[in-house]
Amino acid sequence: MKKVITGDHAVAIGAKLCRVEVVPAFPITPQTLIIEHIADFVNDGELDAKFLTMESEHSVMSAAAAASAAGARVFTATSSQGLAFMHEMLYATAPLRLPVVMANASRTLGGPPGIWCEYNDSMGARDSGWLQLYVEDNQEALDMVIQSFRIAEDKRVLLPVMPCLDGFVLTHTVEPVDVPEQAEVDSFLLPYEPDIILDPKRPAMIGTFMPSEYIMELRRQTAGAFESAKEVIQQINSEFAQKFGRDYGGLIDTYMMEDASTALITMGTVTSTAREVVDELRQKGEKVGIIKLRFFRPFPSYELKKAVSYINALGVFDRSISYHGGGPVYNEVRSSLFGMKIPVINHLAGIGGRDVTTKQIMKMFELTQKAANGEKVSDVYWHNTRGETV
Amino acid sequence: MITIKELSDDNLFTAGHTACPGCGVAMSIRNAIRVLGKDTVIYVPASCAVVFGTTFPYGAWKVPFFHTAFENTGACLSGMQAAFEKKGKKVTAVGFAGDGGTYDIGLQSMSGAAERNDDVLYICLDNEAYMNTGIQRSGGTPFGAWTTTTPVGKVIQGNRRFKKNLGDIVAAHEIPYYATLSIGHPLDFIRKVEKAKNIRGFRFLHMFTPCIPGWKMDPAKTVEVTKRAVESGMWTLYEIENGEKRITHKPGKMKSVKDYLMMQGRFRHMSEEDIKKLQMWVCRKWNLHYKEKGAPEVCEIPQFEEHHAVTEEHREMHGP
């Protein structure tokens, strides 16, 4: 059924369709609509879940971890300062292999404070053990909540998943969304049946004190689960595409990459704008393409290498800065492409929610093409920034 | 009501853990779980109890155990209880948090669970300092006590603040049940644990748990120290059920706080003046707890000659 809804609403409906059992919640802009919609579902009897109004995000993730350890399917949502506040608990959920799903409404992490889109909130959680993905529109937001639970609860993975949607650009913007039928989702996502939980009938100790003699094996296992996750993500993407007719490409998606000589790596909603630019440049005969980076963790190094193997230069869009010169995505991409003789140019834009226009993306392609032609360009560009040249 | 003879000996918190001899925390946990029984799930935040009871690959718990962090006992109990309720499981969710994990870093999380009146049992094991990290002052540390962050220096000696009144803070949430306990008073202890187990909603048990290295005391004297604490008024045994407060054990005659202090190295440096200040605080507390309506003060607040210092402390305690 088609509905015209905000991204937050789409995420909430996605969670409802997954029959989530426990939802600890705390408000933060621009995520709040998600938990408000879920509260409505619960109080209207549309969703049979325990909705917990916690007193902070730290307690949200604590309750989420405990509820998951007790065997429930757990969903929550957060953003920015909230994600930072629960940071400690992100590190508890992942190694304890608790498949919580939490939507993150991407928002600048202060100070100075702001409420608009930036990725510096979730990028800081890069090494917490959470899978991270970034969606482009409200449909993908809904669909990826459903896929996230499948990925998280897969026995080969058993890790928490964080679908991120651009603050305001998606969270508060209405778009037509095809809402799947409950029965369809039920056949795609079966009830969560974990092996080890907090159950007096089969007592287990979860989160014991771990001396150095044992911790490395545990870390190694978690790292192994990230490797397995790559295959699982692709499988679930295909299965979802078959069932619901929407194929997102898995770890990455590509546009016009078959014969591209210059490409731009994008994330989130900027991808849509970049598609417009690619169409325009293609009409002028320029062989440009886009790689939409969907998952940041696990990082699709292999898929990227494959996708760029025939191109002459690569631009990388970053919506946050890592204070080592460029953005975190740029860093990962360069590391992944080490040994390949492709110039990689970093394009910082849209930070703090600043609009990313077609004009800027045009400029990104222009600069990247210069690099492809062997012209001298900088490694990193700050687009649409006072005092900068581009 | 369950009697000592009827207490289960299922060894749900088994021997072989690595707590210090005479550890008040281990004794409290062991006896509480004997009353709580098998259908219990435990949360322990960062504390000695995680180290001495769960260091991988060993574990002293024969009931399910969960641990993640320091400041989140209330929230973790709420989360697991929500899951149990959703799944239709009849389980008692029990947290064993220390004084640091309750008075200080975990206060917010505890308050959240209390305010929501979530159906969980929160137990605070109060050994009056951060013992697991090596004896640092917490909001539960008594006046005068030495800790590594309130050292006995040339200018400042020991903790200069009085123990935080956690009982009133917890009770202000208007929860069904709050009680203070001591392992020196086992009948009272068992009765309160059993009562808390059977009440629905947020229950809080506040256990007084001596720490051998932290209090610098004889490991054979754990029980004696808790008894002396109650006799001197440093600890009071009472319960608040649905807003009604009741003293559950009233000592016959008030013993001098000095008797209590001298059993422990952490107080041994205290000046006569500081002891008097503490005695004054204890007297006030004693009167608040034990004085009956219309009756004269039970404990006479000592008068001081050194007016200046006393006025300072007096202002801290009573306001300007």
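Two bridges, 2 in the count, join β9(A) to strand β2 (residues 65-66) of chain B, and the two strands run parallel. Strands pair here if DSSP finds at least two bridges between them. In β2(B), F66(B) is the bridge partner of I206(A). Helices (H or I, at least four residues) and strands (E, at least two) are DSSP runs, numbered from the N terminus.

A quick word on bookkeeping. Residues are numbered from 1 along each chain as its sequence is written, while chains are lettered from A and ligands numbered from 1 in the order in which they are written. The model is predicted, so to speak of local features takes pLDDT of at least 70, side-chain atom pairs count only at pLDDT 80 or more, and totals for chains, interfaces and linings use all residues.

**Where the chains touch**

The contact draws 36 residues from chain A and 38 residues from chain B; two residues are in contact if their C-beta atoms, placed from the backbone, lie within 7 Å. On the chain A side, the elements giving two or more residues are β2 (22-25), β3 (50-53), α3 (57-69), α5 (87-93) and β9 (205-206). Of these, α3(A) gives the most, with 9 residues.

**Inside chain B**

Chain B has 12 helices and 8 strands. An automatic or database domain assignment divides the chain into domain 1 (24-270) and domain 2 (272-320). Taken over C-alpha atoms, the centres of these two domains of chain B are 26 Å apart. Where they meet, 15 residues of domain 1 are in contact with 13 residues of domain 2. Helix α10 (residues 257-261) of chain B gives the most to the domain 1 side, with 3 residues.

Here is the class make-up of the two sides, with Ala, Val, Leu, Ile, Met, Phe, Trp, Tyr, Cys and Pro counted as nonpolar, Asp, Glu, Lys and Arg as charged, and the others, Gly among them, as polar.

| Side | Nonpolar | Polar | Charged |
|---|---|---|---|
| Chain A, touching chain B | 24 residues | 7 residues | 5 residues |
| Domain 1 of chain B, touching domain 2 of chain B | 9 residues | 4 residues | 2 residues |

As for overall shape, the C-alpha trace of chain B spans about 65 × 45 × 40 Å along its principal axes. Its radius of gyration is 19 Å, which agrees with the value near 20 Å for a compact globule of 320 residues; the radius is taken over C-alpha atoms, and the globule rule is 2.2 Å times the number of residues to the power 0.38. Buried residues make up 52% of the 320 in chain B, buried meaning that 20 or more other C-beta atoms, placed from the backbone, lie within 10 Å of the residue's own.

Note on methods:
A residue is buried if 20 or more other C-beta atoms lie within 10 Å of its own, exposed if 12 or fewer, and partly exposed in between; C-beta atoms are placed from the backbone.
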